[in-house]
Amino acid sequence: MRENFCGGQGTAVLEHWLSDGQLCPHLRKAATLILDAGVTMGTHAHESEAEVYLVWQGYGEYVDDGKTVNVGPGDVMVCGDKQSHSLKNTGKEPLVIHEVIITHSSKKETQL
């Protein structure tokens, strides 16, 4: 559970699919994000990586670089390199998002 996730309001649940040792070189995160009604994920940017969301359940408002769209089950959103985004659950049921973050360089390359 993450209180005020990325500067948002309320408590978000983040369920990682894999441990760090199971991630391949360019896969930084694979997880399910759950936002209860009214919970938000604050605006944050991605550098040298991209994040892909798949809405599994619920409805929300997604903002990517200032552009706002309403999202629901089956919608896919991509936040690319040097972009920022935020998310808000606007529905009455939990907003369930499957998310993957892919980096432009492997962890080994960034540590050199």
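Me: On a 1 Å grid over the protein atoms alone, a pocket is an open set of points where a 1.4 Å probe fits, with protein on both sides within 12 Å along at least five of seven lines; its lining residues have an atom within 4 Å of a point. Which residues lie nearest the centre of the largest pocket?

Reply: The model is predicted; local features need pLDDT of at least 70, side-chain atom pairs count only at pLDDT 80 or more, and totals for chains, interfaces and linings use all residues. Residues are numbered from 1 along each chain as its sequence is written, and side-chain values use heavy atoms, without hydrogens and water. The residues nearest the centre of the largest pocket are Leu14, His16, Arg28, Lys29 and Ile101, out of a lining of 22.

Me: Which strands each supply at least two residues of that lining?

Reply: Strands S2 (11–16), S3, S4 (40–45), S5 (49–57) and S10 do so. A strand here is a DSSP run of E, at least two residues, numbered from the N terminus.

Me: What makes S3 and S10 a pair?

Reply: Two strands pair if DSSP finds at least two bridges between them. S3 (residues 27–35) and S10 (residues 95–103) have eight, in the antiparallel sense, so the condition is met. Within this pairing, Ile34 stands opposite Val96 of S10.

Me: In what order do the strands of the open sheet stand, and why do S1 and S8 count as its edges?

Reply: The six strands follow the order S1-S2-S3-S10-S5-S8, with antiparallel pairing. S1 (2–3) and S8 (76–79) each have a single partner strand, so one side of each has no neighbour in the sheet.

Me: How do you know that S6 has pairings with both S7 and S9?

Reply: By the bridge count again. Five bridges join S6 (residues 60–64) to S7 (residues 67–71), and five join S6 to S9 (residues 84–89); both pairings are antiparallel. On the S7 side, Gly60 has Val71 as its bridge partner. On the S9 side, Val63 stands opposite Ser86, and Asp64 opposite His85. S6 and S7 form a hairpin with two residues between them, and Asp65 in the turn has a positive phi of about 50 degrees.

Me: What else does S9 pair with?

Reply: S4 is joined to S9 by four bridges, also antiparallel. Thr40 has Lys88 of S9 as its bridge partner.

Me: Why is Asn89 called buried, and Val76 exposed?

Reply: Buried means under 20% relative accessible area, exposed over 50%, and partly exposed in between (1.4 Å probe, protein chains only). Asn89, in S9, has 2% and is therefore buried. Val76, in S8, has 54% and is therefore exposed. Along S6 the side chains alternate: Gly60, Tyr62 and Asp64 point to one face and are buried, while Glu61 and Val63 point to the other and are not.

Me: Why is the pair formed by Tyr53 and Tyr62 called edge-to-face?

Reply: Rings of Phe, Tyr and Trp (its six-membered ring) pair if their centres lie within 6.5 Å; planes under 30 degrees apart are stacked, over 60 edge-to-face, and the rest tilted. The structure holds one aromatic pair. Tyr53 and Tyr62 are 5.9 Å apart centre to centre, with 70 degrees between the planes, so the pair is edge-to-face. Both Tyr53 and Tyr62 are buried.
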